[in-house]
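User: I would like a close look at one part of this model and at what surrounds it. Please take me through it step by step, in plain words.

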Amino acid sequence: MKLDINGQAVQTEADPNMPLLWLLRDVLNLTGTKFGCGVAACGACTVRVNGQAVRSCVTPVSTVAGKRIQTIEALGTPDKPHALQLAWIAEQVPQCGYCQSGMLMAAAALLEKKPKPTDADIDAAMTNICRCGTYQRVRVAIKRAAGMKAPKAVLAGAKA
């Protein structure tokens, strides 16, 4: 099976029913994508497939053959970070950090589709679960990355 992962052609003999998450983590050693729940509820395993946010823990490898797969490892680089990564740092979004790669991938998919998202757009797209409850900071960071100014009430809540 031929895959396009982070812009690289990858040939694999993996079981076509293997979840994409395990191919990424265990076979290709791309460990930025995290295992959270295994039932597509939490979003820690979110990657982008043809630009769409996808829960890799329930996505069979066979369904992504021939599609563009992007993991957190290819979102930005230390020399050229993605706008979301800069905004995440500026807004101090991460706490424990476990959910963050999935959050960033979901946010990247959102901004690609809607470069100036409304609060409703963000709420609809960001279904990832964060145990630390950084949802307000996530919203502010997405708006920062989109070049939008968040309302003062949201900013005050994000810094708490």
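Analyst: Start with the length of helix 3. This helix has 14 residues, and at 1.5 Å a residue they should span 20 Å; the C-alpha atoms at its two ends are 20 Å apart, so the expected and the computed span agree. The model is a predicted one.

Next comes the question of how much of the helix can be reached from outside. Of the 14 residues of helix 3, 12 are buried, so the helix is largely enclosed by the rest of the structure. The buried residues are Gln100, Ser101, Gly102, Met103, Leu104, Met105, Ala106, Ala107, Ala108, Ala109, Leu110 and Leu111. Their cover includes three strands, namely strand 3, strand 4 and strand 5, and also helix 2, helix 4 and helix 5.

One residue of helix 3 can serve as an example. Ser101 is found in this helix, and Ser101 counts as buried because its relative accessibility is 11%, where the cut-off for buried is under 20%. Leaving aside neighbours within four places in sequence, Ser101 is in contact with Gly32, Thr33, Lys34, Ala44, Thr46 and Ile72. With Gly32 there is also a polar approach: a polar atom of the Ser101 side chain lies 2.7 Å from the backbone oxygen of Gly32.

Now the strands beneath. Helix 3 lies across strand 3, strand 4 and strand 5, and its direction makes about 35° with that of strand 3. These strands belong to an open sheet of 5 strands, whose order is 2-1-5-3-4 and whose pairing is mixed. Strand 2 (8-11) and strand 4 (52-55) are at the edges; each has a single partner strand, so one side of each has no neighbour in the sheet. On average, and with direction ignored, neighbouring strands of the sheet are turned by 40° against each other.

In general, strands of a sheet pair through backbone hydrogen bonds, in either a parallel or an antiparallel way. Strand 3 and strand 4 run antiparallel and are joined by 4 bridges. In one of these bridges, Val47 has Val54 of strand 4 as its partner. The two strands form a hairpin with 2 residues between them, and Asn50, in the turn, has a positive phi of about 50°. Elsewhere in the sheet, strand 1 (residues 2-5) pairs with strand 2 in the antiparallel sense, over 4 bridges. There, Asp4 has Ala9 of strand 2 as its bridge partner. Helix 1 (residues 20-27) also packs on the sheet, where it touches strand 1, strand 3 (46-49) and strand 5 (68-70); the direction of helix 1 makes about 75° with that of strand 1.

The loop that leads into helix 3 deserves a look too. Gln92 lies in the loop between helix 2 and helix 3. The phi of Gln92 is near 50°, which is a positive value in a residue other than glycine. Gln92 is exposed, with a relative accessible area of 51%. Glu91, by contrast, counts as buried at 4% relative accessibility. Glu91 forms a salt bridge with Arg144, in which the closest N and O atoms are 2.7 Å apart. Because Glu91 lies in the loop between helix 2 (83-90) and helix 3 (100-113) while Arg144 is in helix 5 (residues 135-145), the pair ties together parts that are 53 residues apart in sequence. Arg144 itself counts as partly exposed, at 45% relative accessibility.

Helix 4 and helix 5 are among the elements that cover helix 3, and they too are linked by charge. Asp123 forms a salt bridge with Arg139, with the closest N and O atoms 2.1 Å apart. Asp123 is in helix 4 (residues 119-125) and Arg139 in helix 5, so this pair ties together parts that are 16 residues apart in sequence. Asp123 is partly exposed, with a relative accessible area of 44%, whereas Arg139 counts as buried at 14%. Through shared partners, salt bridges join Asp119, Asp123, Arg139 and Lys143 into one network. Another salt bridge is formed by Lys114 and Asp121, whose closest N and O atoms are 3.2 Å apart. Lys114 counts as partly exposed at 34% relative accessibility, and Asp121 is buried, with a relative accessible area of 19%. The count of salt bridges comes to 6.

Note on methods
Residues are numbered from 1 along each chain as its sequence is written. This is a predicted model: local features need pLDDT of at least 70, side-chain atom pairs count only at pLDDT 80 or more; totals for chains, interfaces and linings use all residues. Side-chain values use heavy atoms; hydrogens and water are left out. A salt bridge is a side-chain nitrogen of Lys or Arg within 4 Å of a carboxyl oxygen of Asp or Glu. Buried means under 20% relative accessible area, exposed over 50%, partly exposed in between (1.4 Å probe, protein chains only). A polar contact is a pair of N or O atoms within 3.5 Å; within protein, one must be able to donate a hydrogen and the other to accept it, and residues adjacent in sequence count only if both atoms are side-chain atoms. Contact means heavy atoms within 4.5 Å. Two strands pair if DSSP finds at least two bridges between them. Axes are lines fitted to C-alpha atoms, for helices over the stretch in contact, and angles run from 0 to 180 degrees between N-to-C directions. The expected span of a helix is 1.5 Å times one less than its number of residues.
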